Amino acid sequence: MGLLSGKRPQGLGFHDGKFKPCPWKPNCVSSTSAAGDDKHQIAPFAIKGNADAAWKQLLAVVRARER
């Protein structure tokens, strides 16, 4: 089986201003977690300056990584 084999999970992406809620697993964080979900809550990234320039810079950093 390949890395991307199988079915895509339901509800992925950003919908109605939120990401899909985190499951019980501890390796999930979200900046849109429901109130009271402190184990999964993380502050959203703040973009300072021009958003288009910030996205270009982020893409350059990610593409420069080995994996």
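One disulfide is present in this structure, which is a predicted model. Its two partners are Cys22 and Cys28, with sulfur atoms 2.2 Å apart. That separation falls within the 2.5 Å that a disulfide requires. If you look along the S-S bond, the angle about it is -70°, and the link between Cys22 and Cys28 is left-handed. Is Cys22 buried or exposed? Its relative accessibility is 15%, and since buried means under 20%, Cys22 counts as buried.

From the disulfide, let us move on to the strands and the turn between them. Strand β1 covers residues 14-15 and strand β2 covers 18-19, and Asp16 sits in the loop that joins the two. Take a moment with the backbone here: Asp16 is not a glycine, yet its phi is positive, at about 55°. Asp16 also counts as exposed, because its relative accessibility is 81% and the cut-off for exposed is over 50%. Gly17 belongs to the loop between β1 and β2 as well. With 44% relative accessibility, Gly17 counts as partly exposed. For a sense of distance, pick Gln41 as a second point: Gly17 and Gln41 are 24 residues apart along the chain, and 15 Å separates their C-alpha atoms.

The aromatic rings come next. A pair of aromatic rings is described by how far apart the centres are and by the angle of the planes. How many aromatic pairs does the model contain? The count comes to 1 aromatic pair. The pair consists of Phe14 and Phe19, whose ring centres are 4.8 Å apart and whose planes meet at 65°, so the arrangement is edge-to-face. The reasoning rests on the angle, because planes over 60 degrees apart count as edge-to-face. Phe19 itself is partly exposed, at 41% relative accessibility.

Phe19 also leads us to a set of polar contacts. Which residue's side chain reaches the backbone nitrogen of Phe19? It is Thr32, at a distance of 2.9 Å. Thr32 is located in the loop between β2 and α1, and it is buried, with a relative accessible area of 16%. Follow Thr32 a step further and you meet Ser30: a polar atom of the Ser30 side chain lies 3.0 Å from the backbone nitrogen of Thr32. Ser30 is likewise found in the loop between β2 and α1. Ser30 counts as buried, because its relative accessibility is 6% and buried means under 20%. Put together, Thr32 offers its side chain to the backbone nitrogen of Phe19, while the backbone nitrogen of Thr32 has the side chain of Ser30 as its partner.

Finally, turn to the helix and the surface. Helix α1 spans residues 51-64, and Leu58 lies in it. Leu58 has a relative accessible area of 43%, and is therefore partly exposed. Together with Ile47, Trp55 and Val62, Leu58 makes a nonpolar surface patch of about 410 Å². The accessibility of Leu58 fits this role, because patches are made of residues with over 30% relative accessible area. To place the helix relative to an earlier part of the chain, compare Leu58 with Arg8: the two are 50 residues apart in sequence, and their C-alpha atoms are 26 Å apart in space.

Key
Residues are numbered from 1 along each chain as its sequence is written. This is a predicted model: local features need pLDDT of at least 70, side-chain atom pairs count only at pLDDT 80 or more; totals for chains, interfaces and linings use all residues. Side-chain values use heavy atoms; hydrogens and water are left out. Buried means under 20% relative accessible area, exposed over 50%, partly exposed in between (1.4 Å probe, protein chains only). Patches are made of residues with over 30% relative accessible area and no salt bridge: like charges are joined within 9 Å, nonpolar side chains (Val, Leu, Ile, Met, Phe, Trp, Tyr) within 5 Å. Accessible areas come from the Shrake-Rupley method with a 1.4 Å probe; for residues, only the protein chains shown count as cover. A salt bridge is a side-chain nitrogen of Lys or Arg within 4 Å of a carboxyl oxygen of Asp or Glu. Helices (H or I, at least four residues) and strands (E, at least two) are DSSP runs, numbered from the N terminus. Rings of Phe, Tyr and Trp (its six-membered ring) pair if their centres lie within 6.5 Å; planes under 30 degrees apart count as stacked, over 60 as edge-to-face and the rest as tilted. A polar contact is a pair of N or O atoms within 3.5 Å; within protein, one must be able to donate a hydrogen and the other to accept it, and residues adjacent in sequence count only if both atoms are side-chain atoms.
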